[in-house]
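The following note is offered to a colleague who meets this structure for the first time. It takes up confidence, the ligand site and the nonpolar cores in turn.

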Amino acid sequence: DLNSDGQALLNFAGTVVHTRKLNWNASIPVCTSWVGITCNLNKTGVTAIHLPGIGLFGSIPSNSIGKLRALRVLSLHSNFLYGSLPSDIPSIPSLEYLYLHHNNFSGMLPASLPANLIVLDFSFNSFSGNIPPKIQNLTRLTTLRLQNNLISGAIPNLNLPALKLLNLSFNNLNGSIPYSLDKYSNSSFVENPQLCGAPLNDCSKNTSTDPSASPAFLLPSPNIPKNHHATLIKKLSPGIIVAVATGGSAVLVLLVLVVVICCLKRTNKVGGGMLKGKASGDGNGEMPKDFGSGVQEAEKNKLFFFEGCHYNFDLEDLLRASAEVLGKGSFGTTYRAVLDEETTVVVKRLREVVVGKREFEQHMEVVERVGKHLNVLPPRAYYFSTEEKLLVYNYMPAGSLFARLHGSSDVGRSPLDWDSRVKISLGIAKGLAHIHSVGAKCSHGNIKSTNILLTQELEACISDVGLSPLMSFPPAMSRAIGYRAPEAVDMRKTTHKSDVYSFGVLLLEMLTGKATLEYLGHDCVVDLPRWVKSVVREEWTAEVFDLELLKHHHIEEEMVQVLQIALACVTKLPETRPNMDEVVRMIEELRQSDTKTRPSAESEFDVQTP
Ligand SMILES: Nc1ncnc2c1ncn2[C@@H]1O[C@H](COP(=O)(O)OP(=O)(O)OP(=O)(O)O)[C@@H](O)[C@H]1O
């Protein structure tokens, strides 16, 4: 009954330190007022506990949560919980959704689990022991995430009809993967040094079958950013954590205010710059002075159009068009040119092109091929002469991701919501994976939010594709520096993995709402990966997120997962970063698991955000 449920919850709150205040109190009604608690419709029992990332520290006692016999959803992920899971929790018969990832639970995986389980997420903990064969009885299970633990032994033969998402990677599993699981991608199994069979290597190719022969087998894999909370627990006492979390949040609020003010100042500055640019081509039919000035009279029809381009203007029309400066980037100046009521294009006037005409033309053939993807903005035409190099693109009226994230709100745009940010992230990831699929040497080299353009439907298009190898970069383009991988000192020698790093910074930019450049009297580069890692270490994860996003409920779980993807992309060593195909898959999995498993309205709640 509800009284005993309330008492069980108070036992839990009395034992586990919680840095964010819970308003649980025997004198107020459990079902209508307790933070993170949802009850069934007739208010006779607790059906959901949802307390992700609120700084819970300690071990869950027996006879607390395990006594809630109507519980369907238990979400305690991204906290500092440790010790073994009390045996009464996995034996709650009604449990359907169990989210305990990103804690530091240890001990054996429970031998049996509730028969109704739909989602089981124990990833990023320190669970050990074998995968219990009884998982086979969970016929409703759609998601099984056990990655990044210390699980050993062979994988049992699982034939689960509903299972869509499986991740057993980064453990100590051994033996061969059962045939019933070979339909999952290799990323579901990687980094288990003694595991073999499809989709991993053929077992006959394994040189050693003795698990103890490999010292790596005994160690948690070094390749992954292991749970940050776990490290923190080892370093800090509960008292310090409480103090840091409480005091730190106040400092952080102040810091966020300062950053917001700086961003506003910066936005005004950018806006002013654009207006100055516009003065040279103000839409009165006048050209900006320098636009196309290097084109010789005799060459005015030599605009080369790419296949499939439906524009029917020529170079002379383009040079006569009214135009305004959109901005000056590392590759030159970019103009918006209006040819007639229906035709507006963007012209990039390239400077510092370091290749000759022939090489430029050959390169454009590759760029044309790469451009055939929904998430890549292809050039439509180009002009090349000794004095002048121009590239023509479709004009994207919805603007850049940078403008949507950091632009002033007085242009009447609402801030990007979480779903839009995930959609945009997936689009960029797919575009980048496509660029990389062209060849090992084909990387973008300048991924940043001004180079992500948006359609009205918020489909992301990567621009400036294929330009890096043609140009000599100025030594310090400050906005680009914030996205540059530590090893990518020469921007012309970028790789797939340095693009992955830049993509990780983009993800952090979307999660935090912070730009990589602040204006503090002068331009100041922000090392977003460093900042995020330091906050995640010292505060709790929720503190890094964009306050705009925290206004919405039910998305914290996904935000933490995207944060993990971003942090994997910005690891220092290039070889430890995932490739873009893996990143696409991770974001897609997140969406699938969201649509299939987001708890119903009945189990939703209102947790006050800081
Ligand atoms: N096709 C386009 N449609 C709409 N806006 C565009 C288009 N191409 C570029 N822009 C915008 O024009 C501005 C200037 O772009 P430009 O590419 O010259 O500079 P950048 O992106 O800041 O730096 P970089 O040259 O390093 O890419 C940016 O704000 C960019 O988002």
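1. pLDDT is the predictor's confidence in each residue, from 0 to 100. The model is predicted, and its protein chain has an average pLDDT of 78, with 76% of the residues scoring at least 70.

2. Confidence varies along the chain. Among its elements, strand β22 (residues 460-462) has the highest mean pLDDT, 97, whereas helix α3 (residues 228-235) has the lowest, 32. The pLDDT is below 50 over residues 207-289, a stretch that has 104 contacts in the model beyond near neighbours in sequence. Residues 599-610 also have a pLDDT below 50, and this stretch has 28 contacts beyond near neighbours in sequence.

3. For the complex, the predictor gives an ipTM of 0.97 and a pTM of 0.56.

4. Which residues come nearest to the ligand? They are Gly327, Gly329, Thr334, Ser400 and Thr450, out of 19 residues around the ligand. Strand β16 (residues 322-329) gives the most to this shell, with three residues. By character, the shell divides into nine nonpolar residues, nine polar and one charged.

5. The largest nonpolar core has 82 residues, and those with the most contacts inside this core are Ala429, Phe503, Leu507, Leu511, Cys569 and Val583. Helix α10 (residues 496-512) gives the most to the core, with nine residues. Leaving aside neighbours within four places in sequence, Leu507 is in contact with Ser425, Val562, Ile565, Ala566 and Cys569.

6. There is also a second, separate core of 60 residues, including Ile37, Tyr99, Ile155 and Ile177.

Terms used
Residues are numbered from 1 along each chain as its sequence is written. This is a predicted model: local features need pLDDT of at least 70, side-chain atom pairs count only at pLDDT 80 or more; totals for chains, interfaces and linings use all residues. Helices (H or I, at least four residues) and strands (E, at least two) are DSSP runs, numbered from the N terminus. Two residues are in contact if their C-beta atoms, placed from the backbone, lie within 7 Å. A residue is near a molecule or strand if its C-beta atom, placed from the backbone, lies within 6 Å of it. Ala, Val, Leu, Ile, Met, Phe, Trp, Tyr, Cys and Pro count as nonpolar, Asp, Glu, Lys and Arg as charged, and the others, Gly among them, as polar. A nonpolar core is a set of buried Ala, Val, Leu, Ile, Met, Phe, Trp, Tyr and Cys residues joined through C-beta atoms within 7 Å. A residue is buried if 20 or more other C-beta atoms lie within 10 Å of its own, exposed if 12 or fewer, and partly exposed in between; C-beta atoms are placed from the backbone.
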